[in-house]
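Work through the exercises below with the model open. Each task is followed by a stepwise solution.

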Amino acid sequence: MPFNGITNLRDAKETVKLSPKQLNEIKKCALDPLYFMNNYMYINTKDNGMQLFKTWPFQDEAVKRFLKYRFNINKWSRQVGKSTIVRGFILWYAMFHSDQLVAMLANKLALAKEQLQLLRDSYVALPFWLQPGVKLWNKMSIQFSNNTRILVAATTPDGVRGFSPNLLYLDEFAFLRNGLADDFMASVFPSISSGKKTRVIITSCVTKDTMVFTPDGIKTVEDFIIDDGRVLGYEVPEYQVLGRYGMNRGHIMHNDGAAKETRVISTRYSEVETSLMHKFWTCRDGVYQIRRAQELKVGDYVMIKYGMNCWGDDKIDFDDSNTKHHRSFKFGHLTEITEAIAYLFGLYIAEGNINTHAGNQNLMITCGDNIDSVFTNLGLTFYKRDDFHYQISSASLVELFQYVGFDPHRHANSKIIPTRLMRMSKRNVAAMIRGMFDGDGCSNKNRKRLSYTSASKRLIDQLRVLLANFGILSTMTHAYIKPTARVKVSSETWSIEINQQSMVDLYFDEIGFGLTRKSDTRFVQPGKKQRPSRYDYIPFAAQEIRRLKKERVLTNKEFKLTGGICDKHDIHLNRKLVLEIKSKLPESVWSKYDVFKNAEPDCVWTPITEITKSFNKVYDFSLDDDNYDGSEWAHSVIYNGMSGFQTPQGLNHFYRMWEDAVDENTASYHDLTSRYVRSVVKWNEVPGRDAQWGIDEMARIGEQKFRQEYECEFIGSAVTLIDYKILQKLKPDDPLKMANTPPDFQMRMFQKPIIRQKMELNGWTYIASIDTGYGIRKDYHVLQILLAKSNIDLEQVFVMSSNTVTIEDFCAYSYLVLKGYGFPPLTIEYNGPGARTLGIMFNNLQYENLVHYDNKLRGMWATDTIKQAAVMLLKLYVQRFYCKLHDEATINELMSFTTTTESGRKWGATGGNHDDHVTSLYWCIYYAASPMFEGGNVEEVDFLKGLELAFTAIGNTGEETNRALEFVQDQIAQREQLAIGRLQQQQQDLETTNGIN
């Protein structure tokens with residue numbers, strides 16, 4: 001009697017008469033899991049369906065370890081049968097052990113459910129007489145007649161809370177974010193450890209500038225990325241992103257790393273760059289289905305959603321009350337962006353720039369119209385040298401612009417709308433766009449269309465998405481401008497055009513113009529019915545409607561709504577007409593047909609006009625299965641307006657557990673029974689994989705990824721400043737306990753202040769640096785204090801950070817900490833918010849030991865050349881172990897500190913990571929390596945002398961500087977640094993360095 005009518009699935013109540021041979025086979029299987037797998041277990045292969053499982057030698061060894069040791073941690077290459085051998089062991093364990101609970105967990109619930117389904121397939125393929133019988137059989141758990149149960153869950157602290165599993169399998173455990181893994185271990189392992197026989201087995205796609213819609217307004221994928229330095233899935237704070245019908249939830253991001261190839265999918269209304277495997281909702285030849293990017297062709301239709309109406313708020317926390325600009329205009333404590341300020345932001349994006357004259361920063365607006373009222377309404381004083389140029393000399397205004405995210409160093413071709421302004425309220429976004437169109441927009445009454453032109457493609461992409469949020473679709477064109485007698489160089493521009501009359505009307509109704517001469521161009525012809533847009537249709541709807549009429553699904557009355565389309569040459573049908581027919585049909589009828597299900601008031605179908613190849617890093621959301629959009633659309637996301645689907649490892653917790661595990665051949669009996677036993681399986685242990693296979697696979701996926709996925713190496717970011725082998729050696733230490741620390745400050749003390757007499761006797765000194773952010777809960781304020789025993793013997797002794805307090809409060813606490821360390825020389829980068837920090841420390845707190853690198857008393861004025869030198873010194877000091885690090889936050893940031901430009905001359909954090917701890921660290925190192933260093937012990941190292949030109953803050957580099965920079969970037973030099981390790985004799989270090997230089 002089969003269970004629930006499922007063929008070849010034995011019910012627990014059914015008895016089976018066994019022959020002596022069958023009894024003997026059951027005994028053999030119960031005693032030997034490898035005998036069971038190799039003789040009776042079938043697995044579902046990709047190419048040949050269900051095949052009898054034949055284990056490889058390294059899989060046999062793995063099963064023996066599973067039987068011998070309670071705790072197993074396995075670092076295996078990709079595609080070596082890791083999951084298959086574990087599934088086989090679990091199936092054998094559950095069938096031949098009574099009253100057990102087996103838990104199969106994965107970083108994503110869908111992956112765990114897939115593993116259980118594959119196990120169920122293997123069970124059903126067993127001989128009927130070998131099956132123990134089934135009591136429970138579903139997608140989340142199964143139970144046999146021996147009362148042993150197998151369940152699946154996601155690897156979260158609540159995944160198996162309340163259960164006490166006898167066998168716990170953690171698949172892809174390296175994919176978990178550190179905090180989540182730690183919480184999981186803390187919640188689950190007490191019940192594991194309490195047992196004496198409990199077993200544990202552990203095994204281990206759009207670009208970031210893509211825009212999505214959230215309840216807080218428009219964000220980029222980059223805003224969700226916390227750890228860009230690894231190719232992993234990891235937990236982030238719960239988020240919501242707009243799908244086809246509503247907001248879908250998730251709490252996991254997935255960094256897919258640098259794709260070998262990406263595709264830029266362009267349509268009339270949108271453009272998005274994705275990996276080859278990313279999925280879209282498409283229509284081809286009347287068939288609506290999900291297709292991957294690599295399957296798409298020019299002419300395929302994709303769905304574009306518009307009119308999302310996802311807006312944020314206008315709250316800010318800007319305060320210029322304590323700045324040193326006493327005579328100029330001040331906003332005071334500004335808690336909200338006003339409509340007038342938002343309009344000025346728009347004007348600046350279109351026609352503005354920030355320049356520096358006589359040490360003062362000025363905001364310039366170039367506009368041929370009279371816009372005096374824009375400034376007077378805000379209380380701003382301005383200067384006009386002619387009818388076109390407005391100059392506002394207000395330090396507070398410039399500081400406000402920088403606070404919301406404007407970078408004064410961006411040129412016209414790299415201008416963007418700051419992320420904060422993309423998430424303003426609908427009223428203020430409209431005001432900002434109005435300012436942009438008053439500047440660079442055009443209203444053509446004769447052609448009945450609006451346009452906007454910019455030299456920045458990214459700006460145009462952002463504007464298109466903002467307009468789509470209002471429900472306004474726009475097209476984009478690209479033009480090259482040849483050199484002229486006046487302009488000697490060529491240039492390129494991008495333009496958007498709003499050319500549908502309904503969209504033009506919506507623009508005037510929702511946004512409009514601030515300038516009268518442009519607002520008066522609105523074209524209105526009362527009483528004239530607007531013609532349907534020839535671009536707004538449901539693909540292949542006409543032929544489908546004719547078919548439904550022929551099959552009498554549609555009546556003559558409903559068919560006449562189409563205008564009587566009987567011409568066989570008509571293929572598509574206007575969306576408005578399809579929606580009208582749909583409205584006449586009951587849902588029970590129209591829901592059966594794709595032509596109606598894919599006709600939506602806020603979605604337009606448009607053909608792909610171009611597909612180009614590109615190369616980029618890609619990312620993905622990992623959404624929950626139970627979402628607003630239901631099971632069919634639960635994983636949908638609107639990317640740049642286009643309807644797509646999300647699919648769904650670095651030095652982390654798995655690495656720490658691996659390092660703490662023991663080797664089978666060298667560990668003591670106690671360690672083998674109480675700690676994890678590690679095993680490694682590399683790609684070449686699979687029969688048939690020779691050296692040529694490895695060469696071909698490395699060429700396909702790249703050396704870095706090959707080392708990580710096939711050579712089983714722990715790797716941080718693919719292009720980290722610090723070599724990954726050095727990163728592996730950096731071990732954070734627990735800070736000393738501190739009492740009565742303020743709640744908004746993270747203070748980590750690794751060494752108490754040494755008494756002054758001892759410091760002076762040994763010629764030691766403390767050095768410090770402060771790096772502050774704009775205080776909008778993103779960037780951190782960081783104070784680093786290092787003990788300098790010499791210029792090449794530094795040690796991290798104190799770190800303080802916060803991103804929830806004002807710069808004033810952070811400076812005040814920093815002053816108290818620095819006082820405890822004897823007021824060490826303090827480096828502050830003057831650029832950005834550092835100017836405010838320097839002013840507070842110098843004027844308000846009267847800190848007397850500030851380090852000034854020029855005669856203008858502005859601390860460190862960091863040019864690109866100086867920053868490059870500082871970064872290279874950081875690399876050199878860390879890789880030669882001249883600087884001993886203890887702080888976990890600093891080390892973690894180093895693991896994702898990478899080049900941000902193709903030239904490799906600029907460095908910083910990628911994605912949503914921070915680099916504030918690294919920045920403050922390299923300014924300490926920069927000071928130690930500079931002639932300004934006042935410690936008693938200075939080692940003469942020639943390659944450090946070569947950097948002295950950079951310390952002049954002039955901005956040019958000499959031959960010696962270039963040689964020093966080349967030294968720390970050179971691959972041979974890096975390998976040499978890895979070999980020497982921590983140098984014991986300074987003379988040996990000097991000789992080695994001189995030999996390279």
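**Exercise 1. Find how helix H7 and helix H9 cross, and what lies between them.**

Step 1. Take the axes of helix H7 (residues 339–351) and helix H9 (residues 395–403): they come within 12 Å and cross at roughly 80°. Axes here are lines fitted to C-alpha atoms, for helices over the stretch in contact, and angles run from 0 to 180 degrees between N-to-C directions. Helices (H or I, at least four residues) and strands (E, at least two) are DSSP runs, numbered from the N terminus.

Step 2. Classify the angle. H7 and H9 are therefore roughly perpendicular. The classes are: under 35 degrees roughly parallel, over 145 roughly antiparallel, 65 to 115 roughly perpendicular, the rest oblique.

Step 3. List the contacts (heavy atoms within 4.5 Å). From H7 come Ile 341, Leu 344, Phe 345 and Tyr 348; from H9 come Leu 397, Leu 400 and Phe 401.

Step 4. Sort these residues. Seven are nonpolar, none polar and none charged. Nonpolar covers Ala, Val, Leu, Ile, Met, Phe, Trp, Tyr, Cys and Pro; charged covers Asp, Glu, Lys and Arg; the others, Gly among them, are polar.

A note on the model: it is predicted, so local features need pLDDT of at least 70 and side-chain atom pairs count only at pLDDT 80 or more, while totals for chains, interfaces and linings use all residues. Residues are numbered from 1 along each chain as its sequence is written, and side-chain values use heavy atoms, with hydrogens and water left out.

**Exercise 2. Check the length of H7 and decide how enclosed H7 is.**

Step 1. Compute the expected span, 1.5 Å times one less than the number of residues. For the 13 residues of H7 this gives 18 Å, and the end C-alpha atoms are 18 Å apart, which agrees.

Step 2. Find the buried residues. Buried means under 20% relative accessible area, exposed over 50%, partly exposed in between (1.4 Å probe, protein chains only). Ten of the 13 residues of H7 are buried, so H7 is largely enclosed by the rest of the structure. Among them are Tyr 343, Gly 346 and Ile 349.

**Exercise 3. Repeat the packing analysis for H29 and H31.**

Step 1. Helix H29 (residues 864–879) and helix H31 (residues 916–929) have axes 8 Å apart, at an angle of about 90°. H29 is thus roughly perpendicular to H31.

Step 2. The contact includes Leu 873 and Tyr 877 of H29, and Trp 923 and Tyr 926 of H31. Its residues split into 15 nonpolar, no polar and one charged.

**Exercise 4. Describe the surroundings of Ala 94 and Thr 493.**

Step 1. Ala 94 sits in helix H4 (residues 82–96). Its relative accessibility is 0%, so Ala 94 is buried. Beyond four places in sequence, Ala 94 touches Phe 144, Asn 146, Thr 148 and Ile 150.

Step 2. Thr 493 belongs to strand S28 (residues 491–498). Thr 493 is buried too, at 16% relative accessible area. Apart from neighbours within four places in sequence, its contacts include Thr 453, His 478 and Ile 481.

**Exercise 5. Which backbone angle sets Asn 309 and Leu 857 apart?**

Step 1. Recall the rule: most residues other than glycine have a negative phi.

Step 2. Asn 309 has a positive phi of about 55°. Asn 309 lies in the loop between strand S18 (301–305) and strand S19 (315–319), and is partly exposed at 40%.

Step 3. Leu 857 also has a positive phi of about 55°. Leu 857 lies in the loop between helix H28 (834–844) and H29, and is exposed at 53%.
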